[in-house]
Amino acid sequence: QAVPFTGKTLPPDRHTGRSEIGDIPARLKAGLTDKMLFDDIGGDDLTIYLDEDLGYCSLDIASNGDIYAAVGYSFDTYGRIEVYRSRTRGATWHSWGRFIGNAYSGRVHQPHLIIAEGVVDRCFLAFRFGPAYDWDIVVAHSPLDADPSDWTEIVAMSGGSSSYQQPRLATDASNYADYFVYLVAEGDDGNGGDIWFTRSTDQGNTYETPYQIGTISIADREYARPEISYGLGGHLHVAWYLTSDVNAVESAVRYRRAQHWGNMGLGSWNDIQAITGIDGFLDVKPLIAASPVSSEVVMTYGRLSYDGENFTHQLPKVLHSTDDGVTFGIQTVIPEGMYDRSTLEQNPEDGSWIMGGSRSHQPGLQRATAADPLTWSDFEGFADSFYPETISDGQPVALDPSDGYRPAMVWSTWGNNYQGGFYFDAEWRRDPGYPNL
């Protein structure tokens, strides 16, 4: 049964005895788009680190407002991932973790960071690790109160016939104190790229044996870039896309949903849905966000055209489900949409939706109200000036639960002719008292 967004206290789930955390505030704000900030959503850009070429970056914020950011130094000899923490609303940062590859074990790359609070409060960091094309997925965790950090590393996906990459994490900590951790990644076995899943039912101490939830057996094609989100009532939502190494087929978006927190293994999962098919475009890089307080799911994906020589960006599309992902309504074009989208989140306080990414190398976001998830605001830029080469892959936007779930963003830059850097800005840095030249 569909559950609308109301903000009312949620009843205990009687199937497993795991009770949802209820009484989540919900203030649906009519006319929210009229109050949005445009062109300069934040204050002055703040430099976290300068002078190196950087790669994927990821951001999350704890309930007390502490901010955690990870970035990959992908042009380091063997790769390096740095984790930074700010306890001053982003005004100052210090190093809180370092993961370094080596000649024997291989490179570290593609960090994805999330915060989970409950019976234990932890920062989780998933990343790719290993020698070329023989990669494992490692999930590290550290207590939030550790200073310095105290990381425990667990190999969650490893070896066999597959090489793994592009990890994505999710938890159900928004609804359960004894939260589960969910992980998806690509796995290439030499006969088509597949989508793999595993989970931890003990807050990240151990992980179950991973298994495939999306399989393709054609050597020059692969399922790629999975995204995962937890939704109300034990639903897991995963989206990815089909692509080809030789561009012989169109790229297309796929979606699969699990029930009961994945308790029944592969038997928990419904059939794969083909969200797009042969439509004249390459449909790529889906993002998905499920509401922890209602039956809503929102999905977006990018679109490209290809003339045999060049790819051209087209406007992205968005879909909306009100029945926990059983069905999705009409696919709607997002006017002035970002070509590079990296984050999709719901604000659990007012039910609105935030999509982060970049447009023309400029980091920023777009928003949709709770009442109309198919209509998105104009692009709101964080950057003070033009950044020639900006990378926002990963999870660069986070919402601050200590301040009304206002958004913050990190981004990284690289390029042979430019100085690399890692930067931060936030909506609250536009408030009085912050520098905003």
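## A walk through the predicted model

I67 sits in strand β3, which covers residues 67-72. Keep in mind that this is a predicted model. With a relative accessible area of 0%, I67 is buried. Its C-alpha lies 5.1 Å from that of S86, and the two residues are 19 apart in sequence.

V397 is another buried residue with a partner elsewhere in the chain. It belongs to strand β28, and its relative accessibility of 1% makes it count as buried. From the C-alpha of V397 to the C-alpha of A426 is 9.3 Å, with their positions 29 residues apart in sequence.

### The largest pocket

Now for the empty space. Rolling a probe the size of a water molecule over the atoms shows where such space is left. Here, the largest pocket comes out at about 1,100 Å³. It has 40 lining residues, and D60, I115, T171, S174 and E345 are the ones closest to its centre.

Which strands each supply at least two residues of the lining? They are β2 (57-61), β6 (107-116), β10 (163-171), β14 (221-231), β18 (282-290), β22 (340-346) and β28 (397-400). As for chemistry, the lining of this pocket has 26 nonpolar residues, 9 polar ones and 5 charged ones.

### Salt bridges

Side chains of opposite charge can pair when their charged atoms come close. This structure holds 14 salt bridges. Here are three of them, with the N to O distance for each.

| Salt bridge | Distance, N to O |
|---|---|
| E427 and R367 | 2.7 Å |
| D403 and R89 | 2.8 Å |
| R406 and D403 | 3.3 Å |

Start with the bridge between D403 and R89, whose side chains meet at 2.8 Å. D403 is in the loop between β28 and β29 (406-413), while R89 is in the loop between β4 (80-86) and β5 (94-100), so this pair ties together parts that are 314 residues apart in sequence. How accessible are the two partners? D403 has a relative accessible area of 23%, so it is partly exposed. R89 is also partly exposed, with a relative accessible area of 23%.

D403 has another partner too: its side chain meets that of R406 in a salt bridge at 3.3 Å. The cut-off matters for R406, since buried means under 20% relative accessible area. R406 has 19% relative accessibility, so it counts as buried.

Then there is the salt bridge between E427 and R367, with the closest N and O atoms 2.7 Å apart. E427 lies in the segment after β30 (421-426) and R367 in strand β24 (residues 362-368), so this bridge ties together parts that are 60 residues apart in sequence. Are these two residues buried or exposed? Both E427 and R367 are buried.

These bridges belong to something wider. R89, R367, E380, D400, D403, R406, E427 and D431 are linked in a network of salt bridges.

### A nonpolar patch on the surface

Over on the surface, L315, V333 and Y339 form a nonpolar patch, and together they have about 220 Å² of accessible area. V333 is part of strand β21, residues 332-333. Its relative accessibility is 34%, so V333 counts as partly exposed.

### Backbone oddities

Most residues other than glycine have a negative phi, and most peptide bonds are trans. A few spots in this model go the other way.

The peptide bond that joins D147 and P148 is cis, with omega at about 10°. You'll find P148 in the loop between β8 (136-143) and β9 (152-157).

Where does R225, a residue with a positive phi, lie? R225 is in strand β14, and its phi is near 50°. With a relative accessible area of 14%, R225 is buried. Strand β14 is also one of those that supply at least two residues of the lining of the largest pocket.

D324 has a positive phi as well, near 60°. This residue is in the loop between β20 (311-321) and β21. D324 is buried, with a relative accessible area of 10%.

How values were computed
Residues are numbered from 1 along each chain as its sequence is written. This is a predicted model: local features need pLDDT of at least 70, side-chain atom pairs count only at pLDDT 80 or more; totals for chains, interfaces and linings use all residues. Side-chain values use heavy atoms; hydrogens and water are left out. On a 1 Å grid over the protein atoms alone, a cavity is a set of points where a 1.4 Å probe fits but cannot get out, and a pocket is an open set with protein on both sides within 12 Å along at least five of seven lines; lining residues have an atom within 4 Å of a point. Grid points are joined across faces, edges and corners, and a volume is the space filled by probe spheres set on the points. Helices (H or I, at least four residues) and strands (E, at least two) are DSSP runs, numbered from the N terminus. Ala, Val, Leu, Ile, Met, Phe, Trp, Tyr, Cys and Pro count as nonpolar, Asp, Glu, Lys and Arg as charged, and the others, Gly among them, as polar. Patches are made of residues with over 30% relative accessible area and no salt bridge: like charges are joined within 9 Å, nonpolar side chains (Val, Leu, Ile, Met, Phe, Trp, Tyr) within 5 Å. Accessible areas come from the Shrake-Rupley method with a 1.4 Å probe; for residues, only the protein chains shown count as cover. A salt bridge is a side-chain nitrogen of Lys or Arg within 4 Å of a carboxyl oxygen of Asp or Glu. Buried means under 20% relative accessible area, exposed over 50%, partly exposed in between (1.4 Å probe, protein chains only).
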